[in-house]
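Biologist: I'm new to reading structures, and I'd like to learn how the words we use for them are earned. Could you show me one and let me ask about it?

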Amino acid sequence: MRFRHRAAAGLATLLLPLAGLVGLADPAHAATTDATASFTKTSDWGTGFGGQWTIKNTGTSSISSWTVEWDFPSGTSVSSAWDADVTNSANHWTAKNKSYNGTLAPGASVSFGFNGAGPGSPTDCKLNGDSCDGTTAPGDAAPSAPGTPTASAVTDTSVKLDWSAATDDKGVKNYDVLRDGKVVSTVTTTSYTDTGLNAGTDYSYSVQARDTAGQTGPVSTAVAVHTTGGGGTTPPTTSDKVKLGYFTEWGIYGRNYNVKNLVTSGSAAKITHINYAFGNVTNGQCAIGDAYADYQKTFTADQSVSGAADTWDQPLAGNFNQLRELKAKYPNLKVLWSFGGWTWSGGFAQAAANPTAFADSCYNLVNDPRWADVFDGIDIDWEYPNACGLSCDTSGAAAFKNVMAALRAKFGTSKLVTAAVTADGSSGGKIEAADYAGAAASVDWYNVMTYDFFGAWDAQGPTAPHSPLTSYSGIPKAGFTTADAIAKYKSIGVPASKLLIGIGLYGRGWTGVTQDAPGGTATGPAAGTYEQGIEDYKVLKTSCPVTGTIAGTAYAHCGSNWWSYDTPSTIAGKMSWAKSQGLGGAFFWEFSGDTSDGELVNAISSNL
């Protein structure tokens, strides 16, 4: 289980102070007392060097754009740059934000990099015309938040918005109108009509003011709008729902779980999408995860979807060819290639330094002529942007959005672009560490990893269900529930239709437990077939039957072991809740944990 989604919310977020990350060459300098810009030399090869500027919003209001200026000594220059437009006049250099990274929420930061020629270092830094160390005040305050917009004249394709004016000591210049967290227009009045919308679709609108000095104030409270038509206000029909399962490349080894098992279990007929996990992320590029499993291994006739044995000289073998045969049998089934995962997420930091190059590499790999017909898109499983998983990422709050935007730009609209994302809905948690709202515009949906909230990495307990739907009295950490995670994503402007609820087809457990109810003490992880503290549903349903339910999921106390896992009954409840929330569907990790007749997959499908 080298790559299992692990501790989606259960590992505490660790956000390191910026100064500890950028190794300041000098106390760099920033736009106002509410922002700073800092420079670090990332590499040096004698005749040249790699450089990086980091801009951080240290205030309480959003920054809508940034410009960094500095001087180089004669003989030093910028030879190439990324994530900023860099120009110069003699020895004076200017870097302006790209269209995708100009806005910085309070506490957020963004970086751009360049390759330099010569031996010098930057001096006389200015950010938006002011000192880069944040010591010079701009002279006036940012505007207040406008009033919450009100929606009227809602049609299939348009809505009229009105709001009360913001206040500012020097005057308000204009307002940005945000749809689902993204600016769609800038107006000088307190009214706007948005057009070109989709019928029967949920949208979220908010506004922010800009003063005559160019400062933006806080974003208003959002208003939800549902356009008419397209089936009215009812949730999407069953056929609209995504029903997605992860297939692991390594499952064909010790687990002996092949693509053909999707057919024999009946699961292939009950799902809409498969995520093939995982491709690697290394050297800033997408890469093959396991060449033998992916496209080299030959399967016997009894292991093959088609019933015909692979031959040694066929152009494509392995799981990729089996997925091709599966799609021939189920023509409506879509397959995405998922990159990253728990073990390989460390590679995203380098990928985020040059999102365009990363997207190019992924596109070329997914569309390799040998298997281009197999994949209908790409899934990114970055655990976790600007936060900590197996390792801690310090790419900045905008990195995830930049990566997803680059992937969408490269793959276009003919391919799916999705991402597995954290379910840490706690205050100050992982959802707040990255710009998931901004990235949502580039993705077809998010797989919200609403499992692994609690587990035996806390060896002494307290025992708690690893996939609670809602909170309950005594829950070890507030915000570690499915409902909290979904609510937080929706509150920042991610449309409900782009959120999938996650189901684990396994349980997590402790040993040394004496009480039935959650909250008991333990002595360590319970024994598992492949890894301590974790076991497949197909084993647990008979080895440790359900004792009771709590917070929409099940738990079981057998002997000294205590497990929590989902059952067909609890999954039915979660699917009903997902429909009531208007979610886009459900996904699960992963096929091989289910029974041979796919009873959990059936529960997901039949109840959606």
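Modeller: Happy to, and please remember that this is a predicted model. Let's begin with Leu161, which stands opposite Tyr192 in β14.

Biologist: What makes β11 and β14 a pair of strands?

Modeller: Strands pair if there are at least two bridges between them. Strand β11, residues 159-162, is joined to β14 by four bridges, so the two count as paired. They run antiparallel.

Biologist: And which sheet do they belong to?

Modeller: An open one of three strands, in the order β10-β11-β14, with antiparallel pairing. β10 (150-152) and β14 (191-194) are its edge strands, as each pairs on one side only. On average, neighbouring strands here are turned by 25° against each other, direction ignored.

Biologist: Why are β5 and β9 called edge strands in the five-stranded sheet?

Modeller: That open sheet has the order β5-β6-β3-β8-β9, again with antiparallel pairing. β5 (85-89) and β9 (130-131) each have a single partner strand, so one side of each has no neighbour in the sheet. The partnership of β5 with β6 (residues 92-96) is antiparallel and spans five bridges. Within it, Asp85 has Lys96 of β6 as its bridge partner.

Biologist: Let's turn to helices. Why is α7 called oblique to α8?

Modeller: Helix α7 (residues 355-366) packs against helix α8 (residues 399-411) at about 45°, with the axes 8 Å apart. Angles under 35 degrees count as roughly parallel, and those from 65 to 115 as roughly perpendicular. About 45° falls in neither range, so α7 is oblique to α8. Their crossing is right-handed.

Biologist: What kinds of residues make the contact of α7 with α8?

Modeller: They divide into 10 nonpolar, two polar and two charged. Among them are Phe358 and Tyr363 of α7, and Val403 and Leu407 of α8.

Biologist: How do you know that β31 is largely enclosed?

Modeller: Five of the five residues of this strand, 585-589, are buried, so the rest of the structure largely encloses it. Both faces are covered: Gly585, Phe587 and Trp589 lie on one side, Ala586 and Phe588 on the other, and all are buried.

Biologist: Why is Ala586 called buried?

Modeller: Buried means under 20% relative accessible area. Ala586 has 0%, so it is buried. Leaving aside neighbours within four places in sequence, Ala586 is in contact with residues including Val242, Ile501, Met575 and Leu608.

Biologist: Which strands pair with β31 in the parallel sense?

Modeller: Strand β17 (residues 242-248) runs parallel to β31 and is joined to it by four bridges. There, Lys243 has Ala586 as its bridge partner. Strand β24 (residues 499-504) also pairs with β31 in the parallel sense, over five bridges. Leu500 stands opposite Gly585 in that strand.

Biologist: One last case: is Thr567 buried or exposed?

Modeller: Thr567 has a relative accessible area of 11%. That is under the 20% cut-off, so Thr567 is buried. You'll find Thr567 in the loop between β30 (561-565) and α12 (568-580). Not counting residues up to four places away in sequence, Thr567 touches Tyr537, Val546, Ala554 and Leu600.

Definitions and conventions: Residues are numbered from 1 along each chain as its sequence is written. This is a predicted model: local features need pLDDT of at least 70, side-chain atom pairs count only at pLDDT 80 or more; totals for chains, interfaces and linings use all residues. Side-chain values use heavy atoms; hydrogens and water are left out. Axes are lines fitted to C-alpha atoms, for helices over the stretch in contact, and angles run from 0 to 180 degrees between N-to-C directions. Angles under 35 degrees count as roughly parallel, over 145 as roughly antiparallel, 65 to 115 as roughly perpendicular and the rest as oblique. A crossing is left-handed if the near helix is turned anticlockwise from the far one by less than a right angle, and right-handed if clockwise. Contact means heavy atoms within 4.5 Å. Ala, Val, Leu, Ile, Met, Phe, Trp, Tyr, Cys and Pro count as nonpolar, Asp, Glu, Lys and Arg as charged, and the others, Gly among them, as polar. Buried means under 20% relative accessible area, exposed over 50%, partly exposed in between (1.4 Å probe, protein chains only).
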